[in-house]
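Grab a pencil and work through these short exercises. Try each task yourself before you read its solution.

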Amino acid sequence: MRLSFISTSLALCGGTLVSAAAVPTLAPALPISAFNTTKIFVDTTGTYIKPLNLTDAVNLVVDKVADLTPKINAAFAAAATCSTPRVRVEWESYPVKDRLEYIAAIKCLQGLKSSGGFPGSKSRYEDFASLHQSLTPNVHGNSKFLIWHRYYIWAFEDVLRTECAFTGSIPWFDETKFAGKFQDSSIFSNDYYGSVNVGGNCVTNGKFANLVVNIGPGPTNSPPHCLSRNLDNTKTINGDTATFNACYNHADWPTFASCLEGVHAWGHNGIGGIMYDMYSSPGDPTFFLHHAFIDRQYRIWQNANSNRISTISGTDRVGNPLTLDTTVSLNGLRPTITIRDLLNTVGDKLCYKYNV
Ligand SMILES: [Cu+2]
């Protein structure tokens, strides 16, 4: 944790050395409005791009339908080429010991130096936030969104394992169970991630209490600020099973991908604070619980039809068609690979599945 202290400094008073008491200083919370960064921006070609935000999410989810949840492991079972896939377990079923080991590994990453090459980053953990910030315009609001984020959270899991001796898999937050009541998940307790209902203020309890964030909000970096949250259950309630089923109803990849991207915004905006900022939201460690959940929802859609593990369509940010050979970059954090490698989570490059 990057807690900053005015450490036991020695002050010279009237010729006598006085040891001042250690006073913890919180980085300030930025105003809630500071994180509302991505309504509209202009890309390098001058094209207006409007990434999905809350308003779009509302418009996308037009028809809640009956339960269409496909079988969880049908198509992937046939496509598996790796021998022992890691299993990502839902948070509430994840044993306490594993939860604590996962959080300890994240804190380990927060204590490691940045590898360099990630602007603004002050730790190996923040390399991820900086990477996400730099690539935000490329990987949101187009058909690369789910594919890039799949690789991104896989890389996070891989770095935890290789650099912080983590031996497990990243857990996922079943937001459908807690739609409209995120505060009831044990995630947001003093034992784990700290409170969510803090009104845009700093999170001062849990394992990430007083975390200092150096990346964002938006495409540039404000002075160090705290991990803030701002629970809004009028937003989280939209991430219920019926809403995801409405997305599953779309067989066409670009439409499904856009729908899921829209629904995913409810989780971000409902947690609020750092998570409300499309650029720098990985500064809140709940980002990875949320995105593992979104990746699982994507994988469920794939499981309904094996073609969804071997074909791709849609376009990138500038309108180029995606193909199996389209590359997916993490700016050097892990090797650039192709979409072909990322469609199959139990293939040769990735090797994981979900517990349910
Ligand atoms: Cu993102």
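A residue is called buried if 20 or more other C-beta atoms lie within 10 Å of its own, and exposed if that count is 12 or fewer. Keep in mind that you're looking at a predicted model.

**Exercise 1. Get an overview.**
Task: Find out how many helices and strands the protein chain has, and what percentage of its residues count as buried.

Solution: Start with the elements: there are 10 helices and 12 strands in the protein chain. Next, apply the burial rule to the chain's 356 residues, and 47% of them count as buried. Finally, take the contacts between residues at least 6 apart in sequence: 70% of these join residues at least 24 apart.

**Exercise 2. Buried or exposed?**
Task: Decide whether glycine 116 is buried or exposed, then do the same for tyrosine 152.

Solution: First, locate glycine 116: you'll find it in the loop between helix 3 (96-111) and helix 4 (124-139). Now count: it has 7 other C-beta atoms within 10 Å, so glycine 116 is exposed. Its C-alpha is 8.0 Å from that of aspartate 127, and the two residues are 11 apart in sequence.

Tyrosine 152 sits in helix 5. Here the count inside 10 Å is 24 C-beta neighbours, so tyrosine 152 is buried. Skipping neighbours within four places in sequence, tyrosine 152 is in contact with His132 and Leu330. Also check serine 329: it's 177 residues away from tyrosine 152 along the chain, yet their C-alpha atoms are separated by 9.1 Å.

**Exercise 3. Look into the core.**
Task: Work out which helix gives the largest share of the largest nonpolar core.

Solution: Begin with the core itself, which has 84 residues. Among those with the most contacts inside it are Tyr151, Phe156 and Leu260. Then sort by element: helix 5 (residues 145-163) supplies the largest share of this core, with 11 residues. Now zoom in on phenylalanine 156: beyond its neighbours within four places in sequence, it is in contact with Phe128, Ile170 and Phe288.

**Exercise 4. Compare two helix directions.**
Task: How do helix 8 and helix 9 run, roughly parallel or roughly antiparallel?

Solution: Two packed helices are described by the angle and the distance between their axes. The axes of helix 8 (residues 253-271) and helix 9 (residues 286-303) cross at roughly 155 degrees and come within 11 Å. Angles over 145 degrees count as roughly antiparallel, so helix 8 is roughly antiparallel to helix 9. Their contact has 6 nonpolar, 6 polar and no charged residues.

Key:
Residues are numbered from 1 along each chain as its sequence is written. This is a predicted model: local features need pLDDT of at least 70, side-chain atom pairs count only at pLDDT 80 or more; totals for chains, interfaces and linings use all residues. Helices (H or I, at least four residues) and strands (E, at least two) are DSSP runs, numbered from the N terminus. Two residues are in contact if their C-beta atoms, placed from the backbone, lie within 7 Å. A nonpolar core is a set of buried Ala, Val, Leu, Ile, Met, Phe, Trp, Tyr and Cys residues joined through C-beta atoms within 7 Å. Axes are lines fitted to C-alpha atoms, for helices over the stretch in contact, and angles run from 0 to 180 degrees between N-to-C directions. Angles under 35 degrees count as roughly parallel, over 145 as roughly antiparallel, 65 to 115 as roughly perpendicular and the rest as oblique. Ala, Val, Leu, Ile, Met, Phe, Trp, Tyr, Cys and Pro count as nonpolar, Asp, Glu, Lys and Arg as charged, and the others, Gly among them, as polar.
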